[in-house]
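Here are some notes to read alongside the model, set out as numbered points. I hope they help as you look through it.

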Amino acid sequence: MIESRCGLKCSECKYREEMNCAGCTKIANPFWGECDVKACCEGRKQDHCGQCNDFPCDVLNEYAYAKEEGDNGKRIETCRSWATIKLTADEVIAATEKR
């Protein structure tokens with residue numbers, strides 16, 4: 001299941017319950033402020049960065065390898081794996097409705 005635009009696994013995020021966050025695929029404005037990765041991905045009408053022709057781009061790399069919030073590229077590998085997943089009909093409909 002696709003949990004975020006950048007490959008972060010929201011189900012493993014420490015802020016999920018603390019901030020009552022549903023994940024960036026389900027909210028308009030992240031609690032943490034503006035997100036360049038989310039904005040770019042949604043602007044390109046992608047469900048996640050792994051679908052992009054420019055994957056992995058400088059914006060995602062900078063985020064994935066950030067000193068404080070990065071994960072040494074784990075989220076990039078997650079996006080890569082999501083890119084190979086075939087969506088169910090319900091997931092396709094839900095993704096289309098978001099656009």
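1. Let us begin with Trp32, which sits in the loop that runs between helix H1 (15–18) and helix H2 (36–43). Please keep in mind here and below that this is a predicted model. Trp32 has a relative accessible area of 39%, so this residue counts as partly exposed. Together with Met19 and Phe31, Trp32 makes a nonpolar surface patch of about 280 Å².

2. A word on the overall picture. The protein chain has five helices and zero strands, and from the N terminus on its elements read α-α-α-α-α. Of the 99 residues in the chain, 31% are buried. The chain exposes about 6800 Å², with carbon and sulfur atoms supplying 48% of that area. Among contacts with a separation of 6 or more, 48% are between residues 24 or more positions apart.

3. Helix H4 deserves a careful look. Which residues of helix H4 (residues 74–82) are buried? They are Arg75, Ile76, Thr78, Cys79 and Trp82. These residues cover an arc of only 160° around the axis, which means that they lie on the same side of H4. As a general reminder, an α-helix has 3.6 residues a turn, so residues three or four places apart point the same way. And what do the buried residues of H4 pack against? Their packing partner is helix H3 (58–64).

4. One of the buried residues of H4 carries a charge pairing that is nice to inspect. The side chain of Arg75 forms a salt bridge with the side chain of Asp71, at 3.1 Å from N to O. Are the two partners buried or partly exposed? Arg75 is buried, with a relative accessible area of just 2%, whereas Asp71 is partly exposed at 23%.

5. The structure holds six salt bridges, and the one between the side chains of Arg5 and Glu42 (3.1 Å, N to O) is worth a stop. Arg5 belongs to the segment before H1 and Glu42 to helix H2, so this pair ties together parts that lie 37 residues apart in sequence. Arg5 is buried, its relative accessible area being 6%. Glu42, in contrast, is partly exposed, with a value of 30%.

6. Back in helix H4, Glu77 and Arg80 form another salt bridge, with their closest N and O atoms 2.6 Å apart. Why are Glu77 and Arg80 separated by about one helical turn? They are three residues apart in helix H4, and therefore about one turn lies between them. Both partners count as partly exposed: Glu77 has a relative accessibility of 45%, and Arg80 has one of 36%. Elsewhere, salt bridges with shared partners join Arg5, Lys38 and Glu42 into one network.

7. To close, two places to revisit on screen. For helix H4, I would show Arg75, Ile76, Thr78, Cys79 and Trp82 as the buried set, along with helix H3, against which they pack. For the surface, I would show Met19, Phe31 and Trp32, the makers of the nonpolar patch.

Methods:
Residues are numbered from 1 along each chain as its sequence is written. This is a predicted model: local features need pLDDT of at least 70, side-chain atom pairs count only at pLDDT 80 or more; totals for chains, interfaces and linings use all residues. Side-chain values use heavy atoms; hydrogens and water are left out. Buried means under 20% relative accessible area, exposed over 50%, partly exposed in between (1.4 Å probe, protein chains only). Helices (H or I, at least four residues) and strands (E, at least two) are DSSP runs, numbered from the N terminus. The arc is that of the directions from the helix axis to the C-beta atoms. Contact means heavy atoms within 4.5 Å. Accessible areas come from the Shrake-Rupley method with a 1.4 Å probe; for residues, only the protein chains shown count as cover. Patches are made of residues with over 30% relative accessible area and no salt bridge: like charges are joined within 9 Å, nonpolar side chains (Val, Leu, Ile, Met, Phe, Trp, Tyr) within 5 Å. A salt bridge is a side-chain nitrogen of Lys or Arg within 4 Å of a carboxyl oxygen of Asp or Glu.
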